[in-house]
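User: Hey, got a minute to walk me through this one? I'd like to start with the backbone oddities and then get to the strands.

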Amino acid sequence: MEGVSNGGMLYHEVQESKLCAVHCVNTILQGPFFSEFDLAAVASDLDRTERQMMVQGGGDFVPEESHNVSLDGDFSIQVLQKALEVWDLQIIPLDSPVAEPAQIDPELENAFICHLLNHWFCIRKVNGEWYNFDSLKAAPEHLSKFYLSAYLDSLKGFGWSIFLVRGKFPKECPMSSSEASSGFGQWLLPEDAERITKSCSAAQRTGSRSGQSQWPSDPYHQYEEQGTSLLDQEDEDLKAAIAASLMDASPAVSSKPDDALENENKDNSAANA
């Protein structure tokens, strides 16, 4: 029988700024493989390729802003796809024909990516058990095989986009927990994750009985309200660093040839005279 991965431990990342896409990628891979700056570099490469294609296609307007990363760290599905391609993993929309077997028997797969508004998280099978690795949760939440199908259906019903992840997943993380590249990652035994989840659930029930606010139970409102509260705490240093990274990696692309610009400047000078 094949041994368990990572010594039977679960890798989880807790929400930092709006870096849920980073957390999603790393929990799919089960290790701190990517930082926000790694994904920003991927986004920059995608932006540069898109601008070059627009110029070659004769476009008169080349957007300056990135369509693949925001300054506060929210990334596009194309960035997640390129990052996972490094590990020969493929992202497939769950509603596509090729993913039809996963629609019928999702428990036979290994990972799903879920997206709504500006939030990403993954549902991942680790050592034969399914977990919700949502970074808004303090620990991975165990999902039974029966509940997995019902939960995915519930998410789809509330407007979430679901993607299937297929390929050969890393068996072991090459870095120990002390070498983690991010400060928001943690390794947990399944029993520790269960204990933390139960403790958080008990605290929510206590808050409800005492009249304190409790998040609505449906997935859409949970992330619309809870996500707004947690994710709006933007890290200004992070925004500046990502902006600098994009500027360094993305030289300006002009949509006009140099001689055309020179002639235009001469015409303007003559008109002013």
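Analyst: Sure. Helices here are DSSP runs of H or I with at least four residues, and they are numbered from the N terminus. Keep in mind that this is a predicted model.

User: OK, so where is Q30?

Analyst: Q30 lies in the loop between α1 (20-29) and α2 (36-56). Its phi is positive, about 60°, although Q30 is not a glycine.

User: Why flag a positive phi?

Analyst: Because most residues other than glycine have a negative phi.

User: Is Q30 buried or exposed?

Analyst: Buried: the relative accessible area of Q30 is 3%, and the cut-off for buried is under 20%.

User: And what about the phi of D88?

Analyst: D88 also isn't a glycine, and its phi is positive, near 60°. You'll find D88 in the loop between α3 (77-85) and β2.

User: Buried or exposed, that D88?

Analyst: D88 counts as exposed, at 65% relative accessibility, because exposed means over 50%.

User: Switching to strands. In which sense do β2 and β7 pair?

Analyst: Antiparallel. β2 (residues 89-93) and β7 (residues 161-167) pair over five bridges. Within that pairing, I92 stands opposite L164 in β7.

User: How many bridges are there between β3 and β7?

Analyst: Five, and β3 (residues 111-116) pairs with β7 in the antiparallel sense.

User: Which residue in β7 does F112 stand opposite?

Analyst: L164. So L164 in β7 has I92 opposite it and also F112.

Key. Residues numbered from 1 in each chain as written. Predicted model: local features only at pLDDT ≥ 70, side-chain atom pairs only at ≥ 80, totals over all residues. Heavy atoms only, no water. Pairing = 2+ DSSP bridges. Helix = DSSP H or I, 4+ residues; strand = E, 2+ residues; numbered from the N terminus. Buried < 20%, exposed > 50% of the residue type's maximum accessible area, 1.4 Å probe, protein only.
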